[in-house]
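Work through the exercises below with the coordinates open. Try each task before reading its solution.

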Amino acid sequence: MPELPEVETVKRGIAPHVVGQRIMRVVVRERRMRRPIPRQFAARVTGRQIAGISRRGKYLLCDCTAGTLIIHLGMSGNLRVVPVDKPAEKHDHVDLRLSNGVALRLCDPRRFGLIVWTEDDPLRHPLLNGLGPEPLTAAFSGAYLILRARGRSVSVKQFIMDAKVVAGMGNIYANEALFMAGVDPRRSAGKVTAAEYGLIAKAIKRVLRRAIAAGGTTLRDFVDGNGQPGYFSQRLLVYGRAGQSCHCAQMIKTVKLGQRSTYFCPHCQT
DNA sequence: AGTGCGGCCTGTCCGC
DNA sequence: TGCGGACAGGCCGCAC
């Protein structure tokens with residue numbers, strides 16, 4: 001499931017193949033995504049040159065001449081560079097055929113993802129407008145978190161998974177970061193101390209950087225822009241490890257917080 | 001405003 | 001072997 005490190009991995013994987021290329025042809029095989037792909041999509045996008053690829057939270061931004069493609073991979077999406085004549089398989093919904101003979105192919109079995117064309121400032125687009133700071137920037141810190149957490153009663157885990165608080169934190173890395181910070185995910189966000197938020201912010205940055213360095217986390221189906229899995233799953237400390245022992249020898253527990261599976265060590269996280 | 005929950009969607013896995 | 005159901009979860013929209 002692509003979270004921030006996986007999207008960053010995809011971005012780095014596809015960039016060398018697509019930046020500077022022209023979109024010669026757009027093939028839409030399935031319009032039903034989180035937002036239906038409009039009829040005019042192909043006509044709007046065809047002929048544009050790709051100037052660069054960037055990322056905001058879990059959104060990929062494909063900066064083109066006079067417009068931007070905003071792409072989200074949802075739960076199950078992947079974006080790959082393939083030879084233009086490679087036959088499309090099930091769930092290969094969109095191809096962008098490029099001037100260098102490759103296609104950028106969007107595949108998304110669960111169709112939770114989206115691809116949107118905008119000619120306005122993409123960062124002002126309703127999809128991106130309300131996003132919190134990027135976790136790997138100086139704007140994201142313990143001081144910022146304690147400020148935002150004032151009066152919040154939700155669990156600290158739900159709080160750091162709130163995209164309005166910080167962009168791009170998904171379930172896996174929220175669990176890992178709280179373990180690394182030694183903070184119990186069930187605690188109310190408003191009652192976590194400033195010192196603890198300092199640890200949480202540092203842990204978030206550390207786990208995301210490490211995951212990016214490992215090429216992301218592949219649990220079942222994540223592959224990068226070249227079809228390669230990520231290796232961070234081997235380094236997960238608590239996620240998916242209920243019933244196994246923590247390094248402290250205590251058993252890792254699981255509970256549901258906001259409908260999401262939550263993993264923690266009752267001994268290490270207080 | 002903040003909170004909680006249902007819905008979207010398919011593949012996988014488990015138990016019967 | 002087949003089938004139903006639970007689960008995975010990012011994000012949105014709705015109700016309170």
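The exercises that follow concern a predicted model, and they go from single residues to domains.

**Exercise 1. Place Arg-56 and describe its surroundings.**

Step 1. Find the element. Arg-56 belongs to strand E2, which covers residues 50–56.

Step 2. Judge the exposure. The relative accessible area of Arg-56 is 16%. The cut-off for buried is under 20%. Arg-56 is therefore buried.

Step 3. Look for a polar partner. The Arg-56 side chain reaches the backbone oxygen of Gly-132 at 2.8 Å.

Step 4. List the contacts, leaving out residues up to four places away in sequence. Arg-56 touches Leu-61, Leu-123, Leu-131, Gly-132, Pro-133, Glu-134 and Ala-167.

**Exercise 2. Analyse the salt bridge between Glu-134 and Arg-55.**

Step 1. Take the distance. The two side chains meet at 2.9 Å, N to O. The limit for a salt bridge is 4 Å.

Step 2. Locate both ends. Glu-134 is in the loop between helix H3 (126–129) and helix H4 (142–149). Arg-55 is in strand E2. The pair links distant parts of the chain, 79 residues apart.

Step 3. Check burial at each end. Glu-134 has a relative accessible area of 13%, so Glu-134 is buried. Arg-55 is at 16%, so Arg-55 counts as buried.

Step 4. Widen the view. Which residues are linked in a network of salt bridges? They are Glu-8, Lys-11, Arg-12, Arg-55, Arg-56 and Glu-134.

**Exercise 3. Examine the salt bridges of Asp-162 with Arg-152 and of Arg-186 with Asp-184.**

Step 1. Start with Asp-162 and Arg-152. Their side chains meet at 3.7 Å, N to O. Asp-162 lies in the loop between helix H5 (156–160) and helix H6 (171–181), and Arg-152 in the loop between H4 and H5, so the bridge ties together parts 10 residues apart in sequence.

Step 2. Assign exposure to this pair. Asp-162 is buried at 18%. Arg-152, at 28%, counts as partly exposed.

Step 3. Turn to Arg-186 and Asp-184. Their closest N and O atoms are 2.8 Å apart. Arg-186 is partly exposed, with 40% relative accessibility. Asp-184 is buried, with 9%.

Step 4. Give the total. The count comes to 16 salt bridges.

**Exercise 4. Characterise the interface between domain 1 and domain 2.**

Step 1. Set the bounds. The assignment for chain A gives domain 1 as 4–124 and domain 2 as 142–264. The contact takes 19 residues from domain 1 and 18 residues from domain 2.

Step 2. Add the separation. The C-alpha centres of the two domains lie 28 Å apart.

Step 3. Take the area. The domains bury about 1,400 Å² between them. Carbon and sulfur atoms account for 61% of it. Pro-5, Glu-6 and Thr-9 supply 35% of the area that domain 1 buries against domain 2, more than any other three residues.

Step 4. Count the polar links. How many salt bridges are there between domain 1 and domain 2? The count is zero. Two residue pairs are in polar contact across the interface, both at pLDDT 80 or more.

Step 5. Map the side of domain 1 that touches domain 2. Helix H1 (4–18) and strand E5 (78–83) are the elements that give two or more residues to that side. H1 gives the most, with 10 residues. By type, the residues of that side divide into six nonpolar, six polar and seven charged.

Notes
Residues are numbered from 1 along each chain as its sequence is written. Chains are lettered from A and ligands numbered from 1 in the order in which they are written. This is a predicted model: local features need pLDDT of at least 70, side-chain atom pairs count only at pLDDT 80 or more; totals for chains, interfaces and linings use all residues. Side-chain values use heavy atoms; hydrogens and water are left out. Helices (H or I, at least four residues) and strands (E, at least two) are DSSP runs, numbered from the N terminus. Buried means under 20% relative accessible area, exposed over 50%, partly exposed in between (1.4 Å probe, protein chains only). A polar contact is a pair of N or O atoms within 3.5 Å; within protein, one must be able to donate a hydrogen and the other to accept it, and residues adjacent in sequence count only if both atoms are side-chain atoms. Contact means heavy atoms within 4.5 Å. Domain bounds come from an automatic or database domain assignment. Buried area is the accessible area (1.4 Å probe) that two parts lose on being put together, summed over both. Ala, Val, Leu, Ile, Met, Phe, Trp, Tyr, Cys and Pro count as nonpolar, Asp, Glu, Lys and Arg as charged, and the others, Gly among them, as polar.
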